[in-house]
Amino acid sequence: MFFGSIPALVTPFSGGRVAEDTFREFVEWQIAEGSDALVPCGTTGEVATLSSDEHRHVIATAVEVARGRVPVIAGCGTYSTEASIERTRAAADLGADAALIVVPYYNKPSQAGLAAHFTAIAEASPIPIVVYNVPSRTVADISVETLAQIAKHPRIVAIKDATGNLGRVSAQRLACGEDFIQLSGNDDMALGFSAMGGVGCISVTANVAPRHCSDFQKAMREGRWDDALKLQDKLYPLHAALFTDASPGPTKYALSRIRNRFPADLRLPLVEPSDASKKAVDAALEHAALI
């Protein structure tokens, strides 16, 4: 259902507003470069700064431009179950193929609370659910046992795993079954993640290097591990550089370097990346032969 290179799309801003024309061109470029699916309104899309109207508009635009050529997995998770249900239903109405639901942040629910949260959303959702587990941002961490429990629901089909623990891939594969889709949430670990049973990556780096990331994922699907390792070496400095300051600041800076007139604007509380971060990005873009 979902596999390969899946960019967690940035949301371009200009003059304080969503730059719709730029976003349309960006989505078209992502598809032309081989991205296998798209994630609008995720963390990298600065979703926390989007109004409800902007959230709907960004998803609708991604769906419209994609035209069914690749799936659109809309970021819909919040720390409120009811709000997450409302966003998921809205995304479904707009034509999204699935909803990415982050583990609830800030309020630190128990494992029982996490199971109830995801089950309630799945029960109310017309579209499949991708669980997003990123304990470094949410504090809460959905356990392997709880994931296995909720994976029995027919609409909970996948996980974006950003735990940074590669052992989770095997544990979750055994607990949830081989058909449960595991997507890496860490670009730098995607090689090992796939070797252990993952099938793709919801990627920050794919914003900047979509063709390289697509070729990397394709090489692993085809068992061309030597080719994948070469691409890993080419991309690894970029994976690191894009997190040398608060994301997606370095990513938007990188796009401003390689995409004509792509705005690097961020919304507060994010600010322009440091000079040191920009230098790291520039060096990584040169290493990857992107500039």
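**Close-up views of a predicted model**

**View 1. The whole chain, and who touches whom.** Take the contacts in the chain with a separation of 6 or more: 72% of them are between residues 24 or more positions apart. Keep in mind that this is a predicted model. Its secondary structure adds up to 12 helices and 9 strands. With a radius of gyration of 18 Å, close to the 19 Å from the globule rule for 291 residues, the chain is as compact as a globular protein of that length. Measured out along the principal axes, the C-alpha atoms fit a box of roughly 45 × 45 × 35 Å. Buried residues make up 55% of the 291. The accessible surface is about 12100 Å², and carbon and sulfur atoms contribute 50% of that.

**View 2. Strand E5, wrapped up on both faces.** Here we zoom in on E5, residues 98-102. All of its residues, 5 of the 5, are buried, so the strand is largely enclosed by the rest of the structure. In a regular strand, side chains alternate between the two faces of the sheet. For E5, one side carries Ala98, Leu100 and Val102, the other Ala99 and Ile101, and every one of these is buried.

**View 3. E5 and its partner E4.** Strand E4 (residues 73-75) runs parallel to E5, and 3 bridges join the pair. Look for Ala74, which sits opposite Ala99 of E5. Helix H3 (residues 81-93) belongs to this view too: E4, H3 and E5 form a right-handed β-α-β unit.

**View 4. E5 and its partner E6.** E5 also pairs with strand E6 (residues 129-133), again in parallel, through 4 bridges. In this pairing Ile101 faces Val131 of E6. Helix H4 (residues 111-124) completes another right-handed β-α-β unit, made of E5, H4 and E6.

**View 5. Arg168, a charged-looking name in a covered spot.** Our last stop is Arg168, which is part of helix H7 (residues 167-176). Is Arg168 buried or exposed? Its relative accessible area is 13%, and the cut-off for buried is under 20%, so Arg168 counts as buried. Its side chain makes a polar contact of 2.7 Å with the side chain of Asp141. Setting aside neighbours within four places in sequence, Arg168 is in contact with Asn133, Asp141, Ile142, Val144, Asp161, Thr163 and Gln182.

Definitions and conventions:
Residues are numbered from 1 along each chain as its sequence is written. This is a predicted model: local features need pLDDT of at least 70, side-chain atom pairs count only at pLDDT 80 or more; totals for chains, interfaces and linings use all residues. Side-chain values use heavy atoms; hydrogens and water are left out. Helices (H or I, at least four residues) and strands (E, at least two) are DSSP runs, numbered from the N terminus. Buried means under 20% relative accessible area, exposed over 50%, partly exposed in between (1.4 Å probe, protein chains only). A polar contact is a pair of N or O atoms within 3.5 Å; within protein, one must be able to donate a hydrogen and the other to accept it, and residues adjacent in sequence count only if both atoms are side-chain atoms. Contact means heavy atoms within 4.5 Å. Two strands pair if DSSP finds at least two bridges between them. A crossover is right-handed if, with the strands pointing away from the viewer, the path from the first strand over the helix to the second runs clockwise. The radius of gyration is taken over C-alpha atoms; the globule rule is 2.2 Å times the number of residues to the power 0.38. Accessible areas come from the Shrake-Rupley method with a 1.4 Å probe; for residues, only the protein chains shown count as cover.
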